[in-house]
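Biologist: I'm new to reading structures, and I'd love a close look at one part. Could you walk me through the nonpolar core, and then what lies around it?

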Amino acid sequence: MVLEKNLRAPVPGPQLGETLPASRASAETIELLRLRRSTPADFLTDPGPDAQTLASILTIAARAPDHRRVTPFRFVVFEGDARRRFGDVLRAAFIAREPDADEKRIACEQRRFLRAPVVVAVISKVDRNHRTPEWEQILTAGAACQNMLIAASAYGFAAQWITEWYAYDERVLAAFALQENERIAGYIYMGSAKEDPKERARPAMEQVVTRF
Ligand SMILES: Cc1cc2nc3c(=O)[nH]c(=O)nc-3n(C[C@H](O)[C@H](O)[C@H](O)COP(=O)(O)O)c2cc1C
């Protein structure tokens, strides 16, 4: 269910220095986090977030924890025809990688971004001269991805964080004009689910939690 239209209007962000609640008890947030599941891109369809909703999702994503306020990320949005145009980049890059691939496979790669109405490339952008360690800056980009997934879900959209081969392919990265300090943290696909996902296996908590 998509959030009602009046709840999708962008809410002005807090003012610099404004006092904000230190916590916000929310059973709905607990429920969202407890039950959140990714929806595979192949199971996404229209509609995706409208312009206002997407602007809010990106604003929320950008509120990721960020040691010393480096802002070590940027977002590239793909909607409408831009997804098809990016397909031409994917096609050429894929043919260069796999010259023997048949047309069916090439067309499948070309259509990757057409699987969802909105795709956002999250680019990790580290400042190597900053005293915040590079590792921490990369973690912030990952947190921005997770914030984006949560915000999309809260607005009523299904989403998936994907890298696939085109997060690493030199030719594709050139299309983003990536600098040497930038990497793709992921592509966040957003839309509506054709089918609700099922729960997957989760780590046994005793394997991931110890006490010092
Ligand atoms: C950095 C990163 C890259 C990922 N890349 C892919 C991918 O290329 N293909 C894929 O099917 N899942 C990928 N995933 C995993 C899915 O986004 C998803 O997390 C996984 O299917 C588990 O589902 P869940 O998020 O509901 O727990 C990636 C996850 C992360 C964090």
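Modeller: Happy to; we start with the core, then turn to one helix and the ligand. This is a predicted model, where local features need pLDDT of at least 70 and side-chain atom pairs count only at pLDDT 80 or more, while totals for chains, interfaces and linings use all residues. Residues are numbered from 1 along each chain as its sequence is written.

A nonpolar core is a set of buried Ala, Val, Leu, Ile, Met, Phe, Trp, Tyr and Cys residues joined through C-beta atoms within 7 Å. Buried means that 20 or more other C-beta atoms lie within 10 Å of a residue's own, exposed means 12 or fewer, and partly exposed is in between; C-beta atoms are placed from the backbone. The largest core has 38 residues, and Val119, Val122, Met148, Ala152, Ile188 and Tyr189 touch the most other members. Among the elements supplying at least two residues each are α3 (51-61), β3 (118-125) and α6 (134-154); helices (H or I, at least four residues) and strands (E, at least two) are DSSP runs, numbered from the N terminus. Helix α6 gives the largest share, seven residues.

Beyond four places in sequence, Val122 has contacts (C-beta atoms within 7 Å) that include Phe73, Ala141, Gly186 and Ile188.

In α3, the buried residues are Thr53, Leu54, Ser56, Ile57 and Ala61. They line one face of the helix because, seen down its axis, they fall within an arc of 160°, taken from the directions from the helix axis to the C-beta atoms. Exposed Ala51 and Gln52 sit on the face turned away from that buried side.

Gly186 also appears among the residues surrounding the ligand, as do Arg37 and Trp161.

Notes
Near = placed C-beta within 6 Å. Contact = placed C-beta atoms within 7 Å.
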